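Colleague: Please take me on a close walk through the charged side chains of this model, and then through the strands. I'd like to hear about pairing and burial together.

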Amino acid sequence: MTSNTFKNTEDIRYLQLLSQSFPTVATASTEIINLQAILNLPKGTEHFVADIHGEYEAFQHILKNASGNIKRKVNELFGNTMRECDKRELCTLIYYPEQKLELVKAKETDMDDWYHITITQLVRVCRDVSSKYTRSKVRKALPKEFSYIIQELLHERTDDVNKTAYISAITDTIISTGSADDFIIAICNVIQRLTIDYLHILGDVYDRGPGAHIIMDTLCNYQSWDIQWGNHDIVWMGAAAGNDACICNVLRMSLRYANLETLEDGYGINLLPLLTFALDTYGDDPCPEFLPKAGSSGENLDEREKLRVARMHKAITVMQFKIEAALFEKYPNWKMQNRELLKEIDYKNGTVKVDGVKYKMISCSFPTIDPKNPNKLTDREIAVMKSLHASFVHSEKLQRHMRTMLAHGCMYSIYNNNLLFHASVPLNADGSLKEIELYNGKKYSGKELMHNTGMLLRSAFQNDSDPKEKEYAIDYFLYMWCGPDSLLFDKAKMATFERYFLTDKEPQKEAKGVFINMRDNEAVVDQILDAFGIVGENRHIITGHVPVHVTKGEKPIKANGKMMVIDGGFSKAYHKETGIAGYTLVYHSRGFELVQHEPFTSADDVVRSGADVKGTIMIVEMSSHRMKVADTDKGVELQRQINDLKDLLYAYRHGIINEKR
């Protein structure tokens, strides 16, 4: 619409609807002024995290310290006027106020003086981090019990002689009424919340580490965030939807890393039927191939517990191979029947044929396999699977967390000229977009493939879905986990069987897909960005999925700065492999900063020693000017609203629509 004449009936109808919210010239004008002012605020800070893999303590810490952003602001505010040790103490207090207050009170001799100094410092920090936002937005972020007081302290300055006594009286009264601790905790939480405007999770909350359920609880209460589903999230979503092959994979991964906390304590999954079956079936088998992975939680188990975990691990893995094979037969268009390796075993000679080559197996003890019908489940396996299936689909907390995944995420997101996804965009060998068949023979590529895949997977959780489509969607979670053309896998095969049963490294190799091999090619990256409709000079793809091996000289910034891979190995199991403990990316009003983290020990260490997680900051890209809200997607939307309101003003002033006084 334009502020001239409105010939289109739909335009008039829209403006009449808009007039319900802004019934007069005055209200519409006020809103235009408000929105125009917001456009000139600095761009809010975005925080990008990928491949958390259950490491909840490290994740919660980087949320609390905003990947070093809070420390940066404290340094900018206090500079040389404050000792380094005091700045560390202040930062630690902001991250962990309850724990730090206990330590301070145990050693501080004059708490009233400490309270005065500290509250003043915290108000300065809070004033700085809130300065990017409107008063309305700040007010919504404040705790009700201290909202008025914090607002007064933020918006009144002690250098105003008329307000000096007023401000001092507020601080004095906070202390004298015994409210100082509660106030400090409240304002520290506000600082944490306002330092980051928006959080992006680029997939893989689940597996390996012990606290994926705790991470999901944290996200359920987080203010503004989205997630691009990862392959490890998808397999849990498939399990929650009732895909038995995914349930087996979830259990196998958990047992491989001896991570039973998420299953049992987090989601109440009953593992007793599996344990009983495993001990009965594999009671004489030492299961050396299935002992917990080195560097995992299994290192804390005694030998008896390790053996129990290994036997459960083997039992569920054999069941997985059988159940997966049934799906590979059901869907020949997946072209995965070559992964039915139980059929390729020579049980007498202990060999297996993989891709036409015969290999000697480490062991060939399979008491539940009938060589004549190797993919058939035994009656006891069927009973165990039925029990596990019920546990997953009836776990209230798991289902709630999966609904949160659906509500906040999908396969990709486009946010402020950045294309976000977890793993890959399927490509042909020449780098062009590859068409992939989804449901009913329909093929898609690029953006359409991402969108329609997400819609298909969502139908698995919708009661009004077409029954056949829903069945396919539930089954398709397995393909998303390990299919060669999956958006979330991008490898020729998942060599699970080969890793367990073969010593030869050749068949264990998982050839990477075209996208992963070509993601440093600027022309290919540009083609993908074009296909997703992302234009302009400062556009990027941001992904995770494949750990960046810093020890081997690999760089996270690719394709001349247009591609950022921020999987640096959050999981402790990856620390030796990558040489670091993860990346996080911060995008503030001045540009991009990539933070390379060292291993996180514990919150207690941070509180007691003030030793924050060390992070090496790499400047990825700095803007020539400080970006404003007007430069963001939100700014584009606000400008549209301003234009519509100007049209409404024109309609009021020219009698096209009457004001509602």
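Modeller: Happy to! One cut-off will help us throughout: a residue is buried under 20% relative accessible area, exposed over 50%, and partly exposed in between. By that scale Glu10 is partly exposed, because its relative accessible area is 47%. Please keep in mind that this is a predicted model.

Let's stay with Glu10 for a moment. Its salt-bridge partner is Arg13, and the closest N and O atoms of the two are 3.0 Å apart. Arg13 is partly exposed as well, at 45% relative accessible area. Both belong to helix α1 (residues 9–21), where a spacing of 3 residues separates them by about one helical turn. As background, side chains of opposite charge can pair when their charged atoms come close.

The pair is part of a wider set, since a search of the whole structure finds 33 salt bridges. Burial differs from pair to pair, as the next two show. Glu498 and Lys493 form a salt bridge with an N to O distance of 3.1 Å, and both of these residues are buried. Glu554 and Arg519 also form a salt bridge, with 3.5 Å between the closest N and O atoms. Here Glu554 sits in the loop between β12 (540–543) and β13 (557–558), while Arg519 sits in the loop between α23 (514–518) and α24 (522–531), so the salt bridge ties together parts that are 35 residues apart in sequence. Glu554 is partly exposed, at 23% relative accessible area, whereas Arg519 counts as buried, at 5%. There is also a salt-bridge network that links Glu522, Asp526, Asp530, Arg539 and Lys562.

Some charged residues gather on the surface instead. Glu108, Asp110, Asp112, Asp113 and Asp172 form a negative surface patch. One of them, Asp172, lies in helix α10 (residues 164–176), and this residue is partly exposed, with a relative accessible area of 37%.

Now for the strands, beginning with β15 (residues 583–588), which pairs with β16 in the antiparallel sense over 6 bridges. The two are joined by a hairpin through 2 residues, and Leu585 stands opposite Leu594 of β16. β15 has another antiparallel partner too: strand β1 (residues 46–49) is joined to β15 by 4 bridges. In that pairing, Glu46 has Tyr587 of β15 as its bridge partner.

How much of β15 is buried? The count is 6 of 6 residues, so β15 is largely enclosed by the rest of the structure. Its side chains split into two sets, with Tyr583, Leu585 and Tyr587 pointing one way and Thr584, Val586 and His588 the other, and all of them are buried. Strand β16 (residues 591–597) is also largely enclosed by the rest of the structure, because 7 of its 7 residues are buried.

For a last stop, look at the open sheet of 3 strands, which has the order β4-β5-β6 and antiparallel pairing. At its edges stand β4 (345–346) and β6 (357–360), each with a single partner strand, so one side of each has no neighbour in the sheet. Between β6 and strand β5 (residues 351–354) there are 4 bridges, and the two strands run antiparallel. Within that pairing, Thr351 stands opposite Lys360 of β6.

Conventions: Residues are numbered from 1 along each chain as its sequence is written. This is a predicted model: local features need pLDDT of at least 70, side-chain atom pairs count only at pLDDT 80 or more; totals for chains, interfaces and linings use all residues. Side-chain values use heavy atoms; hydrogens and water are left out. Patches are made of residues with over 30% relative accessible area and no salt bridge: like charges are joined within 9 Å, nonpolar side chains (Val, Leu, Ile, Met, Phe, Trp, Tyr) within 5 Å. Accessible areas come from the Shrake-Rupley method with a 1.4 Å probe; for residues, only the protein chains shown count as cover. A salt bridge is a side-chain nitrogen of Lys or Arg within 4 Å of a carboxyl oxygen of Asp or Glu. Lys and Arg count as positive and Asp and Glu as negative; His and the chain ends are not counted. The place of a charge is taken as NZ of Lys, CZ of Arg, CG of Asp or CD of Glu. Buried means under 20% relative accessible area, exposed over 50%, partly exposed in between (1.4 Å probe, protein chains only). Two strands pair if DSSP finds at least two bridges between them.
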